[in-house]
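Student: I have a new structure to look at, and I would like to learn how to read it. Could you take me through it feature by feature?

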Amino acid sequence: EGYTENKIWGGIPNLVTTIRLLLLFLSPFLKDNFSLAILATIVISLDGIDGFLARKLNQATLFGGQLDMETDAFFCLLFSVIISKNHLELIWILIVGSLRYIYKIITAIFTLTAFKEKKKVYARYIAGCYFISFVLFFYMDYSIGKYLIIIGNILVITSFTVSFYEF
């Protein structure tokens, strides 16, 4: 619904998403917080641009939707790894950063038929807050950044708890 398969690849929006994905592979090589903040800002900004272009150019595809979601999940996992590596007291955020993958595995194991996730209106806002908490973590002093990342993670835990309950 709302998807066009005129172009299997999905055109420009999927190119933007692919660029986001490739940019993420730079993150392990960036050592300072400012560089990580800039990279995260670019990746998150391009996330909004790819969706906008998909709708504006009528190039939304099922593949593009999946590519976008998995790129988002990879961003969360990768930045959770970076933060927890540098701040061992936040190692627990690795679990939260992995929740998308944990959720997909559990729903695949316990579902005999294809399970279709229901899109929640609030989930988009929670994801946005979560992404922003990663960006702000690197821009802010650690004494403030750690609370922002904790709030973002609590929001994600709440969202996935609702999804697991409804499953």
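Tutor: Let's go from the whole chain to single residues. Keep in mind that this is a predicted model.

Student: Where do I begin? How many helices and strands does the chain have?

Tutor: Begin with the secondary structure. The chain has 7 helices and 0 strands, so the pattern along the sequence reads α-α-α-α-α-α-α. Of its 167 residues, 39% are buried. Contacts tell you about the fold too: among those between residues at least 6 apart in sequence, 75% join residues at least 24 apart.

Student: What should I look for inside?

Tutor: In soluble globular proteins, nonpolar side chains tend to be buried together. Here the largest nonpolar core has 27 residues, and those touching the most other members are Phe75, Phe79, Ile83, Phe134, Phe138, Ile149 and Val156. Two or more residues each come from α2 (33–56), α3 (62–86), α4 (93–97), α5 (99–109), α6 (121–139) and α7 (142–166). The biggest contribution, 7 residues, is from α6.

Student: Which residues does phenylalanine 79 contact, leaving aside its neighbours within four places in sequence?

Tutor: Phenylalanine 79 is in contact with Leu24, Ser27, Leu36, Leu39, Ala40, Phe134 and Phe138. Two of these partners, Phe134 and Phe138, also appear in the list of core residues with the most contacts to other members.

Student: How do I read a single helix such as α6?

Tutor: An α-helix has 3.6 residues a turn, so residues three or four places apart point the same way. In α6, the buried residues are Ile126, Tyr130, Phe131, Ser133, Phe134, Val135, Phe137 and Phe138. Their cover includes α2, α3, α4 and α7. You can check the helix's length as well: at 1.5 Å a residue, its 19 residues should span 27 Å, and the end C-alpha atoms are 28 Å apart, which agrees.

Student: Are nonpolar residues found on the surface, or where should I look for them?

Tutor: Look at the patch formed by Phe34, Ile38, Ile42, Tyr139, Met140 and Ile144, which together have about 530 Å² of accessible area on the surface. Its largest share, 3 residues, comes from α2. Isoleucine 144, in helix α7, counts as partly exposed because its relative accessibility is 44%. For the chain as a whole, the accessible surface is about 10,000 Å², with 72% belonging to carbon and sulfur atoms.

Student: What about charged residues: is aspartate 50 buried or exposed?

Tutor: Aspartate 50, which lies in helix α2, counts as buried because its relative accessibility is 3%. Setting aside residues within four places in sequence, its contacts are Pro13, Val16, Thr17, Arg20 and Asp68. Aspartate 68 sits in helix α3 and is buried too, with a relative accessible area of 18%; the cut-off is under 20%. With the residues up to four places away left out, aspartate 68 touches Thr17, Arg20, Asp47 and Asp50.

Student: And what can a backbone angle show me?

Tutor: Most residues other than glycine have a negative phi. Asparagine 58 is not a glycine, yet has a positive phi of about 55°. You will find asparagine 58 in the loop between α2 and α3, where it counts as exposed because its relative accessibility is 52%.

Conventions. Residues numbered from 1 in each chain as written. Predicted model: local features only at pLDDT ≥ 70, side-chain atom pairs only at ≥ 80, totals over all residues. Heavy atoms only, no water. Core = buried A, V, L, I, M, F, W, Y, C linked by side-chain atoms within 4.5 Å. Buried < 20%, exposed > 50% of the residue type's maximum accessible area, 1.4 Å probe, protein only. Helix = DSSP H or I, 4+ residues; strand = E, 2+ residues; numbered from the N terminus. Contact = heavy atoms within 4.5 Å. Patch = residues over 30% accessible without salt bridge, like charges linked within 9 Å, V, L, I, M, F, W, Y side chains within 5 Å. Areas by Shrake-Rupley, 256 points an atom, 1.4 Å probe, with all protein chains shown as cover. Salt bridge = Lys/Arg side-chain N within 4 Å of Asp/Glu carboxyl O. Expected span 1.5 Å × (residues − 1).
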